[in-house]
Amino acid sequence: MNKEIVVSGIRSTGHLHLGNYFGAIQNYLSMQEDYNCYFFVADYHALTTHPGPKELKSNVFRVLAENIASGLDPEKVTLYAQSDVPEIPELYLILNMLAYMGELEKVPTFKEKVRLQPENVNAGLLTYPVLMTADILIHKAVKVPVGKDQEQHLEMARNFAHRFNTRYGCDFFPEPQVFRASNDTVKILSLDGVGKMSKSENINSTIYLSDEDDVIRKKIMKAKTDQGPTEHNSEMPDYIQNLFVLMNQVSSAATVDTFKNAFNTCNIRYGDMKKQLAEDMVQFVQPIRDKARALQQDETYLRQVLKRGAEQSRESAAKTIEGARSLIGIKYY
Ligand code: ATP
Ligand code: MG
């Protein structure tokens, strides 16, 4: 049976958090049985911000360890580092000839970077969507699980695929579609009620998979709440809703029901709710954190995973590049 091909990248920019887990990794876990998954650590993409060599390497190993600790199984999915597949930059170069300055300069994430880091507007930032397209097309993926922020990049990937096909009169690259898993609308807000949990922002109001038990407790106890509702069945403010979203993920259905009823009848005591949530969250994060830590001590194993992932990924990538080269006419002997 031919499984559909899915590609997704995980940037090695910081520590993974509950938003990454419930918003992305949980979807990956549900896909790993039914799809042919290629998941990679996007280390070339991370170079746009010029990390030092030590930092880059430790980020790559940590992200890999945290993903495996979260349940991604290297036996079921192909897990690899982007930089281990030279066919990706080759395809990137080819696609760059079909990408135009005008369309790249118009991309909102690029304009945002220009605004935020005017001192480092490198060409890699400009062509980021082209590299992302190469990441996807190199395996001829048909589905890509991405968040809202990435939808426009995926549309560009479809355009570039279509442009290649038209230019060379073929039907070589499929046009990749956004993959929507059932729970991919889960968005975890920052616990202070401002913005979302993030690797690079809201650090004190984001729960990381590497946080110690007491740090988790402290962050949850500090989460934004209010005086509580004064009318039965009131609408929930989003910061309260967020606590229930988290509780839904980690507490028993009976516990969630108890606090929902308390909210609906104006009897809720947020202190009690946060205490319960904190304990259930500690239970949830603990095994992932401990496993990620142990994996990071075992570099030999992580290297093995990367090596095997690179081999599997290159096998698929080599076929694609060979086909593309021959369509373009770069096949001389
Ligand atoms: P950065 O701050 O470096 O942008 P990030 O925390 O936003 O990091 P990304 O690497 O941009 O994380 O995203 C990885 C995946 O996690 C994406 O699929 C994204 O949609 C998802 N994601 C990130 N933050 C959240 C969140 N708070 N809630 C739900 N999903 C999230
Ligand atoms: Mg982000």
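Reader: Which residue offers the backbone nitrogen that the side chain of Q82 reaches at 3.5 Å?

Author: The model is a predicted one. Q82 belongs to the loop between strand 3 (78-81) and helix 4 (87-96). From this loop, the side chain of Q82 reaches, at 3.5 Å, the backbone nitrogen of D43.

Reader: Is Q82 buried or exposed, and at what relative accessible area?

Author: A residue counts as buried when its relative accessible area is under 20%. Q82 meets this cut-off and is therefore buried; its relative accessible area is 0%.

Reader: In which sense do strand 1 and strand 2 pair, and over how many bridges?

Author: Strand 1 covers residues 5-11, and strand 2 covers residues 36-42. One of the bridges joins V7 to Y38 in strand 2. The pairing is parallel, and the number of bridges is seven.

Reader: Which handedness has the β-α-β unit that contains strand 1 and strand 2?

Author: The helix of this unit is helix 1, residues 18-31. Strand 1, helix 1 and strand 2 together form a β-α-β unit that is right-handed.

Reader: Which element gives the most residues to the shell around ligand 1?

Author: The shell consists of 16 residues, and the closest are H17, I188, K196, K199 and S200. By class, four of the shell residues are nonpolar, eight polar and four charged. The element that gives the most, with four residues, is helix 1.

Reader: How much of the accessible area of ligand 1 does the protein cover?

Author: Backbone N or O atoms lie 3.1 Å from a nitrogen atom of the ligand in the case of G19, and 2.9 Å from a nitrogen atom of the ligand in the case of I188. A polar side-chain atom of K196 lies 2.8 Å from an oxygen atom of ligand 1. Of the 600 Å² that ligand 1 has accessible on its own, the protein covers 80%.

Reader: What separation do the C-alpha atoms of G19 and K199 have?

Author: G19 is part of helix 1. With a relative accessible area of 15%, G19 falls under the 20% cut-off and so counts as buried. Along the chain, G19 and K199 are 180 residues apart, whereas the separation of their C-alpha atoms is 9.2 Å.

Reader: Why is helix 8 described as largely enclosed by the rest of the structure?

Author: Helix 8 spans residues 128-137. Among its buried residues are Y128, M132, D135 and L137. The helix is largely enclosed by the rest of the structure because the number of its residues that are buried is 10 of the 10.

Reader: With which residue does the side chain of T255 make a side-chain polar contact?

Author: T255 lies in helix 12, residues 253-264. Its relative accessible area of 16% is under the 20% cut-off, so T255 is buried. At 2.8 Å, the side chain of T255 makes a polar contact with the side chain of S252.

Reader: How far apart in space are K218 and F173, C-alpha to C-alpha?

Author: K218 sits in helix 10, residues 213-221. Its relative accessibility of 61% is over the 50% cut-off, so K218 counts as exposed. K218 and F173 are 45 residues apart in sequence, and their C-alpha to C-alpha distance is 50 Å.

Definitions and conventions:
Residues numbered from 1 in each chain as written. Chains lettered and ligands numbered in written order. Predicted model: local features only at pLDDT ≥ 70, side-chain atom pairs only at ≥ 80, totals over all residues. Heavy atoms only, no water. Pairing = 2+ DSSP bridges. Helix = DSSP H or I, 4+ residues; strand = E, 2+ residues; numbered from the N terminus. Right-handed = clockwise from strand over helix to strand, strands pointing away. Near = heavy atom within 4 Å. Polar contact = N/O pair within 3.5 Å; in protein donor to acceptor, adjacent residues only side chain to side chain. Areas by Shrake-Rupley, 256 points an atom, 1.4 Å probe, with all protein chains shown as cover. Nonpolar A, V, L, I, M, F, W, Y, C, P; charged D, E, K, R; others polar. Buried < 20%, exposed > 50% of the residue type's maximum accessible area, 1.4 Å probe, protein only.
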